[in-house]
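Colleague: I should be grateful for a close look at a single part of this structure, set out for a first-year student. Please take the loop regions and the places they touch, and explain the reasoning as you go.

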Amino acid sequence: MPRLISRAFAVGCVTLLAACATTRKAAVENTSKTFTTVVVDAGHGGKDTGAYRRSGPPEKMATLDVADRLDRKLRESQLKTVMTRSSDVFIPLDERVAIENSQKNAIFVSIHFNDSRRRGIHGFETYYHSPDANELANRIQAKLMTIPNSANRGVHTANFRVLRLATYPAVLVECGFLSNRHDGNEARSTEYRELLADRIAEAIVEQRYGPGVYHASAEAAVQPQPPSEGPGLAPATLRHD
Ligand SMILES: [Zn+2]
């Protein structure tokens, strides 16, 4: 009997701990106005190509390029950045979450491109989970909509793992549909990917410091990257202090 009681007690404790853990995961520290670090997440990578169309590079390459440009622009705006990957490697979602949650005073921005069987569907979407990330998500979507000929597919909540398990405000940006002729063509253009990064960076800087602070670096847009600084040579996790 005592054995049974202790077992019941143990089960109860485990249940309680699990409940605690769940509560802890769900609690978001609202750093949406005070953050000093931006975790930049290039979606997919390595064996996980993401959306793929014969006519252009796979999603994993487009996300890495936009993330890389975003990272540079944020550092130019005096924000610290951490990239979850900076080369074509596979990073499990839980590892991305761990990188994200191990920072101090951070926000998380995940870059993706979209895919649909319906070729006609195009435009931008931004997702968030915690209400603390709502403002940032709306700001990013609004800045993307200043790009000429862009289509607004809205800001939505989603249960994506990298958003749900984040202990900081986290958003996921879908930068257009690779399955759509217009969006796909744009995603193949270096200038356009620079524009995407620029608008997302502007939204993030505005979220932190208010309007008028962000200055796009025209130099960064036209200067070719020296090969020694190519993303393929950097470690999987880059910490920029
Ligand atoms: Zn994706």
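Modeller: What follows is an account of several loops, the residues in them, and the elements beside them. The model is a predicted one, and every value below is computed from it.

A short outline of the whole will help. The protein has eight helices and seven strands. Of its 241 residues, 49% count as buried. If one takes the contacts between residues at least 6 apart in sequence, 82% of them join residues at least 24 apart.

Let us begin with the loop between α1 (2–26) and β1 (37–42), where Thr31 is placed. Thr31 has a relative accessible area of 1%, so it is buried, the limit for that word being under 20%. When neighbours within four places in sequence are set aside, the contacts of Thr31 are Asn105, Ala106, Ile107, Tyr168 and Pro169.

One of these contacts, Asn105, deserves attention in its own right. Asn105 belongs to the loop between α3 (93–101) and β3 (106–114). Its phi is near 50 degrees, a positive value in a residue that is not glycine. With a relative accessible area of 22%, Asn105 is partly exposed.

Another contact of Thr31, Pro169, leads to the next loop. Asp132 is placed in the loop between β4 (124–128) and α4 (134–144). In sequence, Asp132 and Pro169 are 37 residues apart, while their C-alpha atoms are 5.7 Å apart in space. Apart from residues up to four places away in sequence, Asp132 touches Val28, Asn30, Ser32 and Pro169. With Asn30 there is also a polar contact of 3.3 Å between the two side chains. The relative accessibility of Asp132 is 23%, so this residue counts as partly exposed. Pro169 is thus touched by both Thr31 and Asp132.

From Asp132 the chain passes on to helix α4. The buried residues of α4 are Leu136, Ala137, Arg139, Ile140, Gln141, Lys143 and Leu144. The elements that cover these buried residues include β3, β4, β5 (152–157), β6 (170–177) and α7 (190–209).

Beyond this helix lies the loop between α4 and β5, which holds Asn149 and Ser150. Is Asn149 buried or exposed? Asn149 is exposed, because its relative accessible area is 67% and the limit for that word is over 50%. Asn149 also has a positive phi, about 65 degrees, although it is not a glycine. A positive phi was noted for Asn105 as well.

As for Ser150, a polar atom of its side chain lies 2.6 Å from the backbone oxygen of Ile147. Not counting residues up to four places away in sequence, Ser150 touches Phe124, Leu144 and Met145. Leu144 has already been listed among the buried residues of α4.

The loop residues Asn149 and Ser150 also help to line a cavity. Two cavities of 30 Å³ or more are counted in the model, and the largest has a volume of about 60 Å³. Its lining consists of His122, Gly123, Phe124, Asn149, Ser150, Ala151, Cys175, Gly176, His182, Asp183, Glu186 and Tyr192. The elements that contribute two or more residues to this lining are β6 and α6 (181–187). Of these, α6 gives the most, with three residues.

One further loop is that between β5 and α5 (161–164), and it holds Phe160. A search of the whole structure finds one aromatic pair. This pair is formed by Tyr127 and Phe160, with 5.1 Å from centre to centre and 70 degrees between the planes. Since planes over 60 degrees apart count as edge-to-face, the pair is given that name. The pair links distant parts of the chain, for Tyr127 lies in strand β4 and the two residues are 33 apart. Tyr127 counts as buried at 14% relative accessibility, whereas Phe160 is partly exposed, with a relative accessible area of 33%.

A ring also takes part in one other arrangement, between Lys47 and Phe90. Lys47 lies over the face of Phe90, at 4.4 Å from the ring centre.

To draw the account together, the loop of Thr31 meets Asn105 and Pro169, Asp132 meets Pro169 too, and the loop residues Asn149 and Ser150 are part of the lining of the largest cavity.

Note on methods
Residues are numbered from 1 along each chain as its sequence is written. This is a predicted model: local features need pLDDT of at least 70, side-chain atom pairs count only at pLDDT 80 or more; totals for chains, interfaces and linings use all residues. Side-chain values use heavy atoms; hydrogens and water are left out. Rings of Phe, Tyr and Trp (its six-membered ring) pair if their centres lie within 6.5 Å; planes under 30 degrees apart count as stacked, over 60 as edge-to-face and the rest as tilted. Helices (H or I, at least four residues) and strands (E, at least two) are DSSP runs, numbered from the N terminus. Buried means under 20% relative accessible area, exposed over 50%, partly exposed in between (1.4 Å probe, protein chains only). A charge sits over a ring if NZ of Lys or CZ of Arg is within 6 Å of the ring centre and within 35 degrees of the ring normal. A polar contact is a pair of N or O atoms within 3.5 Å; within protein, one must be able to donate a hydrogen and the other to accept it, and residues adjacent in sequence count only if both atoms are side-chain atoms. Contact means heavy atoms within 4.5 Å. On a 1 Å grid over the protein atoms alone, a cavity is a set of points where a 1.4 Å probe fits but cannot get out, and a pocket is an open set with protein on both sides within 12 Å along at least five of seven lines; lining residues have an atom within 4 Å of a point. Grid points are joined across faces, edges and corners, and a volume is the space filled by probe spheres set on the points.
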